[in-house]
Amino acid sequence: MIRDQETLNILLASIRRFVREQLVPHEQQVAETDEIPPALVAQMRELGLFGLSIPEQYGGLGLTMEEEVLAAFEIARTSPAFRSLFGTNNGIGSQGILIDGTEEQKNAWLPRMASGEIVGSFALTEPGYGSDAGSLTTSAVRDGDHYIINGTKRYITNAPEAGVFTVMARTDATRKGPGGVSAFIVERGTPGISLGKKDRKMGQQGAHTCDVIFENCRVPASCIIGGKEGQGFKTAMKVLDKGRLHISAICVGVAERMLEDALRYAMERQQFGQPIAEFQLIQAMLADSKAEIYAARSMVLDAARRRDNGEDIPTEASCCKLFASEMCGRVADRSVQIHGGAGYVSDYAAERFYRDVRLFRIYEGTSQIQQLVIARNMIKAAGA
Ligand SMILES: Cc1cc2nc3c(=O)[nH]c(=O)nc-3n(C[C@H](O)[C@H](O)[C@H](O)COP(=O)(O)OP(=O)(O)OC[C@H]3O[C@@H](n4cnc5c(N)ncnc54)[C@H](O)[C@@H]3O)c2cc1C
């Protein structure tokens, strides 16, 4: 749903300009230093990028899902590490509070996330439980009007920068599955929280992950999202449904950028006395990429519109995540191939993007988990 086309066009044009004029020229520097310059972060705040999907009443831009994916198409036409910094505030870092939080919790955290004053992180994965997150073992034991949290969360995006964590922990030790899990809002600096060292990743330098360790971390009972025990896994899954659409849109945007770079290179690079773009085998790679990007873009827009219309879209969100992230990997591979040797060395962006986009098939549910979700929902619907 697009609320006001003219206002949206202005926003999309400013994002496009910011990406082209400010972010693209800094890609290589960020990849080398593993840091996003503070001046760029300040500009992201000014543009409202930290609060794209947070409602206006909490200081965000309140974009609908369709508007958000259109914005994500633009944001993604550069290194995905830039998006990662404000991505958690719009997605997994804020949505748990937004979807299931009490009014008090929303008022306490969302305005600060929308402005970019603080970064929110989402802590579900553990060393022993990734895809099988419903079996997590981080514990939260009631002690009067507090809970005491113990456990380790792994690969947590933006943890080194985070001001607040949404932490999934087991409040009911007698229930081993998802039903025993609750979601907590835990402020950085709470005694008992410590961070591991930054992970050394394959790509997306400038975006940081690390372990978050809870040792007898005492939080008030009012920190449970929605105030009710046992709802945390459901909250996490709702958050991921939306997050999967957002990531799918990012896959489309990055793929468009990679294809644009590959096409430009193919038209400039000469072999056998002509631009390589004239060779039909190169054209096949360009055409397949174009068609697949178009398919993913159409899927993402359709699912976003359905969500805006109030439909429940877990199957569609998983279809989008599966197709768009796998498509993005294929486009990255073809882009390297079209660049030849230049695609394997770091003078061109193709090599960096190839590493950066590998993550999309892994986090917020691997491709195999998306397949399981889709098939499980199909079987359930057929039996109903
Ligand atoms: C850079 C990065 C950032 C991340 N950010 C966050 C974050 O902010 N918050 C957070 O909570 N987590 C985060 N994660 C964790 C991420 O979501 C998990 O890594 C992912 O869900 C996979 O879990 P795993 O690594 O434990 O792999 P595993 O679950 O061990 O999977 C290993 C392989 O087995 C396959 N597999 C597992 N179960 C099945 C099955 N039933 N059927 C078929 N195949 C199966 C998987 O598809 C995969 O191929 C991040 C990870 C990375 C790398």
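This tour goes from the ligand and its surroundings to two of the aromatic pairs. Keep in mind throughout that the model is a predicted one.

**The ligand and its polar contacts**

Begin by selecting the ligand together with the residues around it, which number 18, the closest being Thr125, Ser131, Thr157, Thr366 and Gln368. Three threonines from that group deserve a separate selection with their side chains drawn as sticks. At Thr125, an N or O atom of the side chain is 2.7 Å from a nitrogen atom of the ligand. Turning to Thr157, you will find a polar side-chain atom 2.7 Å from a ligand nitrogen atom, while at Thr366 the polar side-chain atom lies 2.7 Å from an oxygen atom of the ligand. If you now switch on a surface, the figures to hold in mind are that the ligand taken alone exposes 980 Å², and that the protein buries 64% of that area.

**The shell by element and by domain**

Next, colour the secondary structure and select β3 (146–157) and α12 (367–383), the elements that give two or more residues to the shell around the ligand. Of the contributors, β3 gives the most, with three residues. Colouring by domain adds another view, in which domain 2 (120–228) and domain 3 (234–383) each supply at least three residues of the shell. Colouring by residue class instead shows nine nonpolar residues, seven polar ones and two charged ones in the shell around the ligand.

**Aromatic pairs**

Now leave the ligand and look at the aromatic rings, which form five pairs in the structure. Select Tyr147 and Phe184, whose rings are arranged edge-to-face, with 5.1 Å from centre to centre and 70° between the planes. Tyr147 belongs to strand β3 and Phe184 to strand β5 (residues 181–187), so this pair ties together parts that lie 37 residues apart in sequence. Both residues, Tyr147 and Phe184, are buried, and hiding the surface will help you to see them.

For the last stop, select Phe272 and Phe279, another edge-to-face pair, with ring centres 6.2 Å apart and 80° between the planes. Are these two rings buried or exposed? Phe272 has a relative accessibility of 77% and therefore counts as exposed, the cut-off for that class being over 50%. Phe279, at 24% relative accessibility, counts as partly exposed, because that class covers the values between under 20%, which is buried, and over 50%, which is exposed.

Conventions:
Residues numbered from 1 in each chain as written. Heavy atoms only, no water. Near = heavy atom within 4 Å. Polar contact = N/O pair within 3.5 Å; in protein donor to acceptor, adjacent residues only side chain to side chain. Areas by Shrake-Rupley, 256 points an atom, 1.4 Å probe, with all protein chains shown as cover. Helix = DSSP H or I, 4+ residues; strand = E, 2+ residues; numbered from the N terminus. Nonpolar A, V, L, I, M, F, W, Y, C, P; charged D, E, K, R; others polar. Domains from an automatic or database assignment. Phe/Tyr/Trp six-rings, centres within 6.5 Å; stacked < 30°, edge-to-face > 60°. Buried < 20%, exposed > 50% of the residue type's maximum accessible area, 1.4 Å probe, protein only.
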